[in-house]
Every structure is written in structure tokens, then in C-alpha cells.
Amino acid sequence: MSWVLGVDSGGSGLRIALRSTEDPALVLLADPGEPLRTGPSGIDAGQLLRQLLPAAEKLLVRAGARGPVAAAVGAAGMATLGEGLRAELPAALERSLGVRRLALAADAVTAYAGALGQRPGVVVAAGTGMIALGTDLAAWHRADGWGHLLGDCGGGAWIGRAGLEAALREHDGRRGGSPALLTATEDFFGPAPELPGLLYPRADRPAVLASFAPEVARLASGDPVARSILSAAAERIAESAEAVCPRSGECEVALTGGLFKLGEPLLAPLRAELADRLPHARTVPAAGDPLAGALNIATALATDTLRLPPDERLLYITTQQDR
């Protein structure tokens with residue numbers, strides 16, 4: 001029996017899996033759990049390898065396999081900060097695990113492959129941030145995903161920041177404020193005047209902002225300001241989906257990520273926006289998560305059935321003869 005290796009790596013940790021190419025339902029999982037460091041070159045390649053290699057070797061022993069016939073590694077920041085991973089991982093994985101076919105993918109690509117497989121369409125991946133990725137299977141098209149200072153419009157940090165701004169407007173007596181959001185803010189963080197001191201020094205500021213998004217959603221049914229924030233978020237997300245959706249032919253739209261656990265306060269206006277902007281597209285549930293996407297890509301690479309378009313930054317493919 002032959003196996004493929006899938007890896008999902010990010011700031012929250014590392015997940016690893018082996019899947020049988022003969023029986024796709026047969027999957028072995030490992031979760032080292034330690035958060036990965038991110039520096040000027042993105043995820044620390046050395047730390048990733050120190051966690052990945054021992055865990056993968058243990059999985060191979062469990063599977064009774066010498067090595068995976070192909071591997072796919074999905075990594076946060078691969079598109080813009082992936083030079084270290086592209087430089088170090090191919091040789092290291094070949095040397096240690098015998099990997100001869102390797103895909104290094106942005107986490108948005110593994111999210112796409114998990115949600116839609118190899119079909120044309122759009123995946124919106126949203127949590128603290130937000131990115132839309134689309135393909136017609138000829139090329140990739142990306143919208144947003146530029147981080148909480150420059151974009152991620154409609155994502156969790158964006159919603160949380162908008163809710164806190166409305167709270168501070170109410171505190172100041174400016175128009176556009178919300179008494180309900182001010183009360184929620186002070187219950188959640190403490191006195192409103194102390195917010196800048198609590199937020200600005202934090203290295204995890206986007207996550208702290210996003211932690212307030214569920215409060216905005218909770219209040220949306222009774223507070224018009226909170227409701228307008230979620231409507232605006234839905235509009236921004238739909239704009240990004242529209243920007244990357246194939247203009248003709250079949251197009252499916254899948255939503256994936258923790259943001260959509262906010263439920264109907266966000267999903268109802270988002271469905272309406274998508275129907276208005278993309279009448280030719282069909283919204284479908286995501287079939288799987290980014291780890292499943294990494295396994296899908298590795299399986300396709302192993303069986304010469306990869307239809308997703310290679311890309312130097314988004315989906316970097318390397319084989320033994322290339323090295």
C-alpha cells in the first residue's frame with residue numbers, strides 16, 4: 001500500500017496526516033500541537049521540520065511504509081513570505097522521508113482544495129482575517145488577505161474593530177455610536193478609555209480584535225449598529241468573492257473558516273450579497289478542511305491527476321528531477 005503525506009501549518013500549530021492512495025478513507029493523523037514561529041521570512045522552516053519529521057516518521061511506522069509517494073505542505077504566509085520554506089523543505093523532505101514529489105501551497109490553496117477539490121470556483125477562507133481565492137483551473141485569482149492593517153475586509157478582526165469603534169463613538173457622544181456595543185465592550189475589555197493601552201501594544205492584536213466579533217453578532221438582532229456592521233462585512237466578503245469568481249462556465253462558492261460560526265447574523269446578508277453579485281454561481285458547503293486539501297493535492301500529485309494550476313507562490317510543485 002502506498003501513502004501520501006499532508007501537512008497543515010500555521011501560527012496555531014501543525015497538523016500532519018498520511019492517507020492511503022488505494023483507500024482514501026484510511027487516514028492516520030498526528031498533531032504535534034506546538035505553535036510555529038513566524039519571522040521575516042514567514043514560518044520558521046527549521047522549527048517546522050523539527051516537528052514535522054519525527055511525527056511523520058512515527059506515522060510511517062504505524063502505516064508500515066518506507067516513505068510517502070508524494071507530499072503537500074500548506075503554510076500560512078507561503079504566498080508572500082515563503083522563501084525559506086521553498087528553499088529548505090524540498091531537499092529536507094527528500095533526504096529524511098524520501099519524498100520525490102512535493103507541493104508547497106499557500107494555506108488558502110489547501111483551504112480551496114479541501115473545500116472544492118479540483119473544481120473551478122471560489123473559496124472564501126475567513127477567520128481572524130479574510131481571503132478569497134478563485135480559479136478557472138487555468139490560473140489562480142486572489143482578492144484581499146492583506147492583513148488587518150491593509151485589508152482582510154469583512155474578517156473577524158475587521159468586524160471586531162468596527163464594533164469597538166462604534167462603542168468608542170458612543171462613549172464620546174459622536175454620531176454612529178451604539179449603547180449596546182459600548183456596554184458589551186466594557187463588559188468584555190473593561191473601561192472604554194483603557195482600550196488603546198490594552199490593544200496597541202499587543203503582538204496578537206488581530207486575534208484580540210477578532211475575539212469581539214461574536215459580541216457584535218450576538219447583538220445584531222436587537223442593535224441596528226451591530227446589524228449594519230455585519231451587513232457591511234457581508235458586502236466586503238462578497239466583493240472579494242466576485243473579484244475572483246470565473247466569469248463564465250461553472251462556478252461554485254464555498255465558505256470555510258471560523259468566522260462563519262457567527263451564524264445567521266452574518267450568513268443571511270452574505271447569501272443575499274452573493275446571490276445579487278454572482279447569479280451564475282452556486283454556493284455549496286465546504287467538503288473538507290485545509291488538511292484534507294493538502295491530502296487531496298498530494299494524492300493528485302502522486303497519481304498524475306493534478307488539475308489545480310501550479311503557481312510559483314501559491315502552489316509550488318517540485319519533483320526529484322527538478323532538484
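This report describes side-chain pairings, one helix and the cysteines of the structure above. The model is predicted.

**Aromatic pairs**

Across the whole structure, 4 aromatic pairs are found. In one of them, the ring centres of tyrosine 112 and tryptophan 140 lie 5.3 Å apart with the planes at 85°, so the geometry is edge-to-face. Tyrosine 112 belongs to helix H4 (residues 107-116) and tryptophan 140 to strand E10 (residues 140-144), so this contact ties together parts that are 28 residues apart in sequence. Both partners are withdrawn from the surface: tyrosine 112 is buried at a relative accessible area of 0%, and tryptophan 140 is buried at 9%.

Phenylalanine 188 and phenylalanine 189 also form an edge-to-face pair, with 4.9 Å from centre to centre and 65° between the planes. Phenylalanine 188 is partly exposed at 38% relative accessibility, whereas phenylalanine 189 is buried at 18%. Ring pairs link these two residues with Phe212 into a cluster.

A charged group also meets a ring: arginine 142 lies over the face of tryptophan 146, at 3.8 Å from the ring centre.

**Helix H1**

Helix H1 covers residues 45-63. With 19 residues at 1.5 Å a residue, a span of 27 Å is expected, and the 26 Å between the end C-alpha atoms agrees with this. The buried residues of H1 are Ala45, Gln47, Leu48, Leu49, Gln51, Leu52, Leu53, Ala55, Ala56, Leu59 and Leu60. In an α-helix there are 3.6 residues a turn, so residues three or four places apart point the same way. After H1 comes glycine 64, which has a positive phi near 70°.

**Salt bridges**

The structure contains 16 salt bridges. Three of them are set out below.

| Pair | N to O distance |
|---|---|
| Arginine 101 and aspartate 304 | 2.8 Å |
| Arginine 202 and aspartate 204 | 2.8 Å |
| Glutamate 264 and arginine 271 | 2.5 Å |

Arginine 101 is in strand E7 (residues 101-106), while aspartate 304 is in the loop between helix H12 (290-302) and E13, so their salt bridge ties together parts that are 203 residues apart in sequence. Arginine 101 is partly exposed at 27% relative accessibility, and aspartate 304 is exposed at 60%.

In the second pair, arginine 202 is partly exposed at 38%, as is aspartate 204 at 34%. In the third, glutamate 264 is partly exposed with a relative accessible area of 44%, and arginine 271 is partly exposed with 43%. Elsewhere, salt bridges with shared partners join Glu235, Arg236, Glu239, Glu242, Glu273 and Arg277 into one network.

Strand E13 (residues 315-319) includes threonine 319. This threonine is buried, with a relative accessible area of 15%. Leaving aside residues up to four places away in sequence, threonine 319 touches Arg100 and Arg101; Arg101 is the arginine that bridges to aspartate 304.

**Cysteines**

A search of the whole structure finds 1 disulfide. Cysteine 245 and cysteine 251 form this bond, with their sulfur atoms 2.4 Å apart. Cysteine 245 is buried at 3% relative accessibility, and cysteine 251 is likewise buried at 3%.

Why does cysteine 153 not form a bond with cysteine 245? The cysteine sulfur closest to that of cysteine 153 is the one in cysteine 245, and at 19 Å it is too far for a bond. Cysteine 153 is partly exposed, with a relative accessible area of 27%.

Key:
Residues numbered from 1 in each chain as written. Predicted model: local features only at pLDDT ≥ 70, side-chain atom pairs only at ≥ 80, totals over all residues. Heavy atoms only, no water. Phe/Tyr/Trp six-rings, centres within 6.5 Å; stacked < 30°, edge-to-face > 60°. Helix = DSSP H or I, 4+ residues; strand = E, 2+ residues; numbered from the N terminus. Buried < 20%, exposed > 50% of the residue type's maximum accessible area, 1.4 Å probe, protein only. Lys NZ or Arg CZ within 6 Å of the ring centre and 35° of its normal. Expected span 1.5 Å × (residues − 1). Contact = heavy atoms within 4.5 Å. Disulfide = S-S within 2.5 Å. Salt bridge = Lys/Arg side-chain N within 4 Å of Asp/Glu carboxyl O.
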